[in-house]
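Q: I am new to reading protein models, and I would like a close look at one part of this one. Please show me how that part fits with its surroundings.

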Amino acid sequence: MTAPPDDCLARNEWICGEYLSTRRHILLDAVVQHLQLTAVSVLIGLVIAVPLAVLARRWGWAAGPVLAVTTILYTIPSLAMFSLLLPVYGLSASLVVAGLVLYSLTLLVRNILAGLRAVPEETRQAARGMGYGPIRLLLTVELPLALPAAMAGLRIAMVSAVSLVTVGAIVGHGGLGNLIYAGMNTYFKAQVLTASVLCVVIAILADVLLLGVQRLLTPWTRATRG
Amino acid sequence: MTTLTDAWDWLTDPAHWAGDDGIWHRLLQHLVLTVVCLVISCLIALPIALVLGHLGKGGALAVNISNIGRAVPTFAVLVLLLLTPIGDWGEGPTVVALVLFALPPLLTNAYVGMREVDRSVVQAARGMGMTGRQTMVQVELPLALPMILNGVRIAAVQLVATATIAALAGGGGLGRIITAGFNLASTPQVVAGAVLVAAFALIVEGVFEIAERLAPHWARGSR
């Protein structure tokens, strides 16, 4: 019989290089799943949110109900949201994506609508005076001017989604949350800490990435400052 | 549709309301956790934010702390706390995590509220011979109140959500009905628990909404 190895895994330490090297593939798979769930959810949320915000802006009466529904959706805790979707999607990745889409949608609609509302009336009138039709006005004047507010919403939605994916562990589709959940049940400290830190790192990287995209898309905001 | 009627049957079964795992007990746990942690967080965050806001210091920290709070997963913090010595005393991890996640909105809103008070009003107060403390308590605090209360409202909703996730890490509260439902593979119980949690969260939000409407005109937010 060989003696049990005396390394940081056996001693169940919080920080463990051995863990990183032996479980590299598990970690990588979890990170990939985490990124997929986040990206798909936020993208679907964005695709639905833009037309909703534009419609709510166009028809004044729709803005009230749209904002009320988003407030209600945002108030429902994530675990309850996933659970309410269980009868529809079962124990699947779609359930997590659907829940995250609802949260992203909420944040995005609010921010895009705020951005559209902040477009100065004079700007709109000037464009109309230059012969812009409603579609061209929307695409070349209103949406670009709403972009900073929309990007701010997108960053919040993305960071929130990265963090909320972990709750998906309840249905086995939580990316790094799965590792945290499994680590909790086995008191595996290195796994819980590593997965948690990776979550925060992904959130920060996503935020920085979107900040970069925002700077590329809205060069005029920098020109006025400099 | 059958799931919904099953969930309704689960909710209306008196056997599910009684006992230590019953709905009444879980509801009470959830309520106590939320209220106690809201009071603790306010006691910690508001004095700090009010003084920093009054002095105009630490702004970058007060504002960025919200972003940090959003990036850190609640579930991860709960499990990390559970594996530390705090995990040995019952609801310890839940209480610590709840307070940690309620602090950012309280700090940020109270700080920004204090800074957004019209500077000319503050100068007028100083010109009338008010001391720094008098200015803070009698002038800045009342004017910042709508923002501060908005922060309390956001914190309360956050607390309800965090207390729910705490069930995943063994904490008490309504979330336990959901996690128990998952363990039993009982979709009706999961849905019934989710309906209870959602209703609880919406009622908390509604109470703040009503309180805001009933508040005197000057204490109302711009919403």
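A: Let's look at chain B, moving from its annotated domain to its helices and their neighbours.

This is a predicted model, where local features need pLDDT of at least 70, side-chain atom pairs count only at pLDDT 80 or more, and totals for chains, interfaces and linings use all residues. Residues are numbered from 1 along each chain as its sequence is written, while chains are lettered from A and ligands numbered from 1 in the order in which they are written.

An unreviewed UniProt entry places "domain: ABC transmembrane type-1" on residues 27-208 of chain B; such annotations may be inferred rather than shown by experiment. That span of chain B is 82% helix and 0% strand (DSSP runs: H or I, at least four residues, for helices; E, at least two, for strands). The C-alpha atoms at the two ends of residues 27-208 lie 19 Å apart.

Now for the partner. Chain B and chain A each give 31 residues to their contact (C-beta atoms, placed from the backbone, within 7 Å). On the chain B side, α3 (59-71), α4 (74-83), α7 (132-165), α8 (175-183) and α9 (187-214) each supply at least two residues. With 10 residues, α9(B) has the largest share of that side. By type, the chain B side divides into 24 nonpolar residues (Ala, Val, Leu, Ile, Met, Phe, Trp, Tyr, Cys, Pro), two charged (Asp, Glu, Lys, Arg) and five polar (the others, Gly among them).

Next, zoom in on α4(B). Eight of its 10 residues are buried (20 or more other C-beta atoms within 10 Å of their own). Those buried residues are T74(B), F75(B), A76(B) and L78(B), followed by V79(B), L80(B), L81(B) and L82(B). What do they pack against? Their neighbours come from both chains: α8 (176-185) and α9 (189-217) of chain A, and α5 (92-115) and α7 of chain B.

Finally, follow α7(B) to another neighbour, α6 (residues 119-127) of chain B. The axes of these two helices lie 10 Å apart, and the packing angle is about 160 degrees. α6(B) and α7(B) are therefore roughly antiparallel (an angle over 145 degrees). From α6(B) come V121(B), V122(B), A125(B) and R126(B), which meet T135(B), V139(B), E140(B) and L143(B) of α7(B). This contact holds five nonpolar residues, one polar and two charged. So α7(B) appears three times on our tour: on the side touching chain A, against the buried residues of α4(B), and beside α6(B).

Definitions and conventions:
Contact = placed C-beta atoms within 7 Å. Axes fitted to C-alpha atoms, helices over the stretch in contact; angles between N-to-C directions. Parallel < 35°, antiparallel > 145°, perpendicular 65-115°, else oblique. Buried ≥ 20, exposed ≤ 12 C-beta atoms within 10 Å, placed from the backbone.
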